[in-house]
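Reader: Got a minute to walk me through this one? I'd like to start with the inside.
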Amino acid sequence: MAPLRPRISLLVTDLDNTLWDWFHMWHSSFSAMLEHLSEMSGVPSSVLEGEMREVHRRHGTTEYSLLLDELPSLRSECAGLRPLEVFDAAVHTLNHVRKRSIHLYRGVESALTEVRRRGVPIVAYTESIAYWTEWRIRETGLDGVVDVLYSSPDHDFPEGVTPEDLRRYPPQEYGLVETVHRHTPQGRLKPDPAILGAIVDEYSKDPEDVVYIGDSLMKDVAMAQEIGVHDVHARYGVSQDREGYELLRRVSHWSTEDIERERRLARRPVVVPTWTARECFSEVLDMFEFQG
Ligand SMILES: [Mg+2]
């Protein structure tokens, strides 16, 4: 049985599908872009999906900004021009729907504000890449609410291309103003207990003074349990059974083993969370006594 209201002086949280519905944002924008792209190019979606998966795997992310330029069937349609330019309308669809569909889950903002009011620092730890994580933090108003963000660095770029080349807006539209952003080493994905342990050490906390919350039993809860911090499963964010999740499996950078492991765990959970937030993030306020 879980202990009664442990005292917590550091909150570490996952981001995607814990603070906001990444899957909804990704699926609505990506599927709209895919449909538009297939219409414009005449290349069937199934062909594009297979090629997208290859590119995502090559770059280790499902949020690769130069995706269209590296799809063989689009390149052959473009006769030497850049697919990103030729199919700009589909990219516009992606950006438009993405911006419209990113929101914090209900109760997240007020709960984080309350945790901070009690003097407890908030650290975010995600394996998503730097650029899109910063974008989501800005769009959801969490710049400055999260004290420190740990994310994967940005994906690699082809020779001669820099991240600045992709920018369409003035510099102040990029980066974070108040939240400190640190990068985890390239290629280190969750579960990575050593990284979570290093975060706890950096704040000179004992594991029992720390809570970690995330939506993945495999990546988040198991990792927290391994280093002995309090674990909370954000069950409201689980999306593996949702409509459209198969599209993510088909085009994501995940290895076949990752996908199989996730399926096995969904059928027969071997990771049992100590605490579960069933409906919303703010349930953590009832589970723990936050005090800095
Ligand atoms: Mg997550």
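Author: Sure. Keep in mind that this is a predicted model. The largest nonpolar core has 67 residues. Leu11, Met52, Phe281 and Phe290 have the most contacts inside it.

Reader: Which helix gives the most to this core?
Author: Helix α1, residues 22-41, with eight residues.

Reader: And which domains does the core draw on?
Author: At least three residues come from each of domain 1 (7-21 + 103-290) and domain 2 (27-100).

Reader: Back to Met52. What does Met52 touch?
Author: Leaving out residues up to four places away in sequence, Met52 touches Phe30, Met33, Leu34, Leu37, Leu67, Leu71 and Val251.

Reader: What lies apart from the largest core?
Author: Another core, of 15 residues. Val148, Ile199, Tyr212 and Val229 are among them.

Reader: New topic: the sheet. What is the strand order?
Author: β5-β4-β3-β2-β6-β7-β8. It's an open sheet of seven strands, with parallel pairing.

Reader: Which are the edge strands?
Author: β5 (180-183) and β8 (275-277). Each pairs on one side only.

Reader: How many bridges between β4 and β5?
Author: Four, in the parallel sense; β4 covers residues 148-152. Ser151 has His183 in β5 as its bridge partner.

Reader: What packs on the sheet?
Author: Helix α7 (residues 130-139) does, touching β3 (122-129), β4 and β5. The direction of α7 makes about 135° with that of β3. Helix α8 (residues 193-202) packs on the sheet too, touching β2 (10-13), β3, β4, β5 and β6 (210-214). For α8, the angle with the direction of β3 is about 155°.

Note on methods:
Residues are numbered from 1 along each chain as its sequence is written. This is a predicted model: local features need pLDDT of at least 70, side-chain atom pairs count only at pLDDT 80 or more; totals for chains, interfaces and linings use all residues. Side-chain values use heavy atoms; hydrogens and water are left out. A nonpolar core is a set of buried Ala, Val, Leu, Ile, Met, Phe, Trp, Tyr and Cys residues joined through side-chain atoms within 4.5 Å. Buried means under 20% relative accessible area, exposed over 50%, partly exposed in between (1.4 Å probe, protein chains only). Helices (H or I, at least four residues) and strands (E, at least two) are DSSP runs, numbered from the N terminus. Domain bounds come from an automatic or database domain assignment. Contact means heavy atoms within 4.5 Å. Two strands pair if DSSP finds at least two bridges between them. Axes are lines fitted to C-alpha atoms, for helices over the stretch in contact, and angles run from 0 to 180 degrees between N-to-C directions.
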